[in-house]
Amino acid sequence: MAMKYLETMMTESVLRAQQQYYGHAAQITDAPERDLLGEGEAEFLAARDSFYLSTVSETGWPYVQHRGGPKGFLRLLNPSTLVFADYQGNRQLLSTGNLSTDDRVSLFLMDYANRARLKILGHARVEDAHSHPDLAVQLANPSMKARVERIVFIDVTSSTSVEYPLDVVLYRHDTFDIIEHRFQKEDLVEISSWWQSRIYESVEKLPSRWIERLLEALPRDTRSSSKDSGNPPVT
C-alpha cells in the first residue's frame with residue numbers, strides 16, 4: 001500500500017508547502033506500521049534488470065546510483081528484506097561509505113515498457129561477502145569476472161504497490177482530502193473492457209480521410225496484422 005509511503009514522505013515542510021500554495025494540506029491516517037512486499041512486488045522485482053539507489057552523504061547531499069545486472073538480481077529474501085551483491089568496481093565506494101553513517105535508502109525501479117514503477121524506502125546495511133559465503137554464491141552473476149565483495153541488505157519500511165488489490169489514492173477536487181479506492185484484478189478487467197469499447201466506438205466515428213492518412217503512415221506489415229487482429233473494422 002502507498003499510505004505508509006505517503007506518511008513517510010509528506011513531512012511537515014511538505015505539508016506547509018501544500019498549505020501555502022493550495023490552501024490545503026494532505027491528511028494521512030491509518031497508515032500501517034510497515035509495507036510488506038507481496039507476490040506482485042516479487043514478480044515485478046524478478047523482472048527488473050536495473051534500479052536506482054539513493055543514499056545520503058555525511059555532508060547531507062543525496063547520491064543516486066544506477067545498479068544493473070541480470071533480471072532478478074535484486075532478491076526478495078522475505079516480505080520485508082531485499083538483498084543484492086556488490087562487486088569489486090571502481091573502488092569509489094560512495095554508497096558503501098554513505099551507508100556507514102546514514103542507513104536510509106530510497107529505491108526506484110522502472111518498467112519502462114509498461115510505464116510502471118515501484119518506489120521503496122528502507123534501511124540498508126553492507127556486510128562482507130566472506131560473512132555469507134553461501135548467499136554470495138547464490139547472488140553471484142556467473143557472467144561477471146569481478147568477485148562479490150559485499151552484500152547489501154535492505155530492511156523495507158514502506159513502498160508503493162504493484163500487487164492486487166491495488167490501492168489508488170486520489171485527492172478530492174481542489175482539496176488535499178485523500179480518497180482511497182481498492183481495486184481487485186477483475187474490477188480493472190471490467191474497467192479496461194469498458195474503455196476499450198468506448199475507444200473502438202470513437203474510432204469508428206472518425207472521418208474516413210483521417211483513417212486513410214493514418215493507415216498510409218503505418219508500415220505495411222503493421223496494416224496486415226491489424227486487419228487480422230480481430231479488432232472492429234475502421235470505416
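This passage describes the sheet, the helix that crosses it and the aromatic contacts of a predicted model.

The sheet is a good place to start. It is open and is built from 7 strands, which follow one another in the order β2-β1-β5-β6-β7-β4-β3 with antiparallel pairing. Strands β2 and β3 form the edges, each of them pairing on one side only. From one strand to the next, the twist averages 35 degrees. Within this arrangement, strand β5 (residues 104-111) and strand β6 (residues 116-128) run antiparallel and are joined by 8 bridges. Here Leu107 is found opposite Ile120 of β6. Helix α3, which spans residues 39-46, lies across β3, β4, β5 and β6, and runs at about 80 degrees to β6.

Attention then turns to the aromatic side chains. A pair of aromatic rings is described by the distance of the centres and the angle of the planes. Searching the whole structure yields 2 aromatic pairs. In one of them, the ring centres of Phe51 and Phe73 are 5.6 Å apart; the planes meet at 25 degrees, so the pair is stacked, the cut-off for stacking being under 30 degrees. Phe51 belongs to strand β1 (residues 50-56), whereas Phe73 sits in the loop between β2 (62-68) and β3 (75-78), so this contact ties together parts of the chain 22 residues apart in sequence. Phe51 and Phe73 are both buried.

Phe51 also pairs with Phe84. Their ring centres are 5.4 Å apart and their planes lie at 70 degrees, so this pair is edge-to-face, as angles over 60 degrees are classed. The contact links distant parts of the chain, with Phe51 in strand β1 and Phe84 in strand β4 (residues 81-87), 33 residues apart. Phe51 has a relative accessible area of 1% and is therefore buried, given that the limit for burial is under 20%. Phe84 likewise counts as buried, because its relative accessibility is 1%. Taken together, Phe51, Phe73 and Phe84 make up one aromatic cluster.

Charged side chains meet aromatic rings as well. The charged end of Arg48 is placed over the ring of Phe44, 4.5 Å from the ring centre. Phe44 itself falls within helix α3 (residues 39-46). A further example involves Arg125, which lies over the face of Phe153 at 4.3 Å from the centre of the ring. Arg125 falls within strand β6 (residues 116-128), which is one of the strands that helix α3 lies across.

Terms used
Residues are numbered from 1 along each chain as its sequence is written. Side-chain values use heavy atoms; hydrogens and water are left out. Rings of Phe, Tyr and Trp (its six-membered ring) pair if their centres lie within 6.5 Å; planes under 30 degrees apart count as stacked, over 60 as edge-to-face and the rest as tilted. Helices (H or I, at least four residues) and strands (E, at least two) are DSSP runs, numbered from the N terminus. Buried means under 20% relative accessible area, exposed over 50%, partly exposed in between (1.4 Å probe, protein chains only). A charge sits over a ring if NZ of Lys or CZ of Arg is within 6 Å of the ring centre and within 35 degrees of the ring normal. Two strands pair if DSSP finds at least two bridges between them. Axes are lines fitted to C-alpha atoms, for helices over the stretch in contact, and angles run from 0 to 180 degrees between N-to-C directions. Contact means heavy atoms within 4.5 Å.
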